[in-house]
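Here are a few short exercises to work through with the structure in view. Try each task yourself before you read the solution.

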Amino acid sequence: MSRLEEILAYNREFVNNKEYEPYLAEKYPKKELLVVTCMDTRLVELLPKALNLKNGDAKVVKTAGAMVTEPYGSVMRSILVGVSLLKAKEIFVIGHKGCGMEGLRAGSVLEHLEEHGVTQNEIEAVREQGVDLHKWLAGCANVEEGVMNSIRLIQNHPLLPQEIQVHGLIIDPETGELELIHDGRK
Ligand SMILES: [Zn+2]
């Protein structure tokens, strides 16, 4: 059975057995939180458990390295929708130890893409459109700096309401322990 078939078969059972019932929730975040975190596989279940977040408690925006780099990109749009229409009042930017975005260079991403059939010509064509691939595909020097850069971009955004607090934290992807690196109340 392929992964797709496996998931679709499981899903039919899940719905038929009404296993969704414990997860029924409102679309507004009950705890008025919006979390920006990494897409790392180790955080899928661990992060909500370690923060005591249940379905319906928070909005969660996932992006590699919890890096918010474009003031008018889709991540920032999600944040603005979250704090306006969806009524989140505090933003938690949560990076994690051992993040793959730490020290990531565009060159190694491009090398992998080339191994999967992307050609030099296609890469050049993107460059010719004015995209600075080395900047766009790069990670952060370290996770703390990545989180702090995201916080600065969010906090200084002209469309972010003043009263929104933006906190910065680092989570341990094994133990779930949080380290506070920026207290948005101050
Ligand atoms: Zn990560």
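**Exercise 1.** Find out in which sense strands S4 and S5 pair, and over how many bridges.

Solution. Start at strand S4, residues 165-171 in this predicted model. Next, compare its direction with that of S5: the two strands pair in the antiparallel sense, over four bridges. For one of the contacts, look at Ile171, whose bridge partner in S5 is Leu178.

**Exercise 2.** Place S4 and S5 in the sheet by giving the strand order, then name the edge strands.

Solution. Reading across the open sheet of five strands gives S2-S1-S3-S4-S5, with mixed pairing. Now look at the two ends: S2 (58-62) and S5 (178-182) each pair on one side only, and these are the edge strands. From one strand to the next, the twist averages 25°.

**Exercise 3.** Work out which strands helices H3 and H7 lie across.

Solution. Take H3 (residues 74-83) to begin with: this helix lies across S1 (33-37), S2 and S3 (90-96), and runs at about 165° to S1. Then turn to H7 (residues 143-155), which lies across S3, S4 and S5 and runs at about 165° to S4.

**Exercise 4.** Identify the residues that coordinate the zinc ion, and decide whether His96 and Cys99 are buried or exposed.

Solution. Look for the donor atoms: SG of Cys38, NE2 of His96 and SG of Cys99 coordinate the zinc ion at 2.0 to 2.3 Å. Along the sequence, their spacing is C-x57-H-x2-C. Finally, apply the cut-off for buried, under 20% relative accessible area. His96 has 0%, so His96 is buried. Cys99 has 7%, so Cys99 is buried.

Technical notes:
Residues are numbered from 1 along each chain as its sequence is written. This is a predicted model: local features need pLDDT of at least 70, side-chain atom pairs count only at pLDDT 80 or more; totals for chains, interfaces and linings use all residues. Side-chain values use heavy atoms; hydrogens and water are left out. Two strands pair if DSSP finds at least two bridges between them. Axes are lines fitted to C-alpha atoms, for helices over the stretch in contact, and angles run from 0 to 180 degrees between N-to-C directions. Contact means heavy atoms within 4.5 Å. Donors are N, O and S atoms within 2.8 Å of the metal (3.2 Å for Na, K and Ca); water is not among the atoms, so sites may look incomplete. Buried means under 20% relative accessible area, exposed over 50%, partly exposed in between (1.4 Å probe, protein chains only).
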